[in-house]
Amino acid sequence: MVTPARPWAAWLGLAVTAVLVGLLLWRPAWPLSSAVPDPDSPQQIGMLLMGKYMIAFEGAGLLILLGIFGAVFLQRPGSHPSDPGREAYVTADKNPVPISKDEL
């Protein structure tokens, strides 16, 4: 695709890349810590999700499932009235109208 914005987008992409690489190279030194993560943290999270927060966890899953079903139900063919002449545009065997003036 060739548009007048293409050179500007390329230069903007290069500038953003240069800034991000510069930030990575010239960042301050990260402080080092000798602390070790708790090896039982996945088990603790699982116990919380299946214990104290089980109702909220199951409720969130149910809401996501209902949202998926609702999206599929709303997008079924025939669920919304459409333009009655839509099929005429799709099935017409005419040649397309030539573009007289292109302002792109």
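I read the fold along the sequence first and noted the pattern α-α-α-α, with four helices and zero strands in the chain; helices (H or I, at least four residues) and strands (E, at least two) are DSSP runs, numbered from the N terminus.

I kept in mind that this is a predicted model, where local features need pLDDT of at least 70, side-chain atom pairs count only at pLDDT 80 or more, and totals for chains, interfaces and linings use all residues. Residues are numbered from 1 along each chain as its sequence is written, and side-chain values use heavy atoms, with hydrogens and water left out.

I looked up the confidence (pLDDT, the predictor's own score for each residue, from 0 to 100) and found a chain mean of 82, with 78% of residues at 70 or more. Helix H4 (residues 86-91) has the lowest mean, 54, and H3 the highest, 94.

I then checked burial (buried is under 20% relative accessible area, exposed over 50%, partly exposed in between, with a 1.4 Å probe and protein chains only): buried residues are 1% of the 104 in the chain.

I ended on isoleucine 68, which sits in helix H3 (residues 54-74) and counts as partly exposed because its relative accessibility is 49%.
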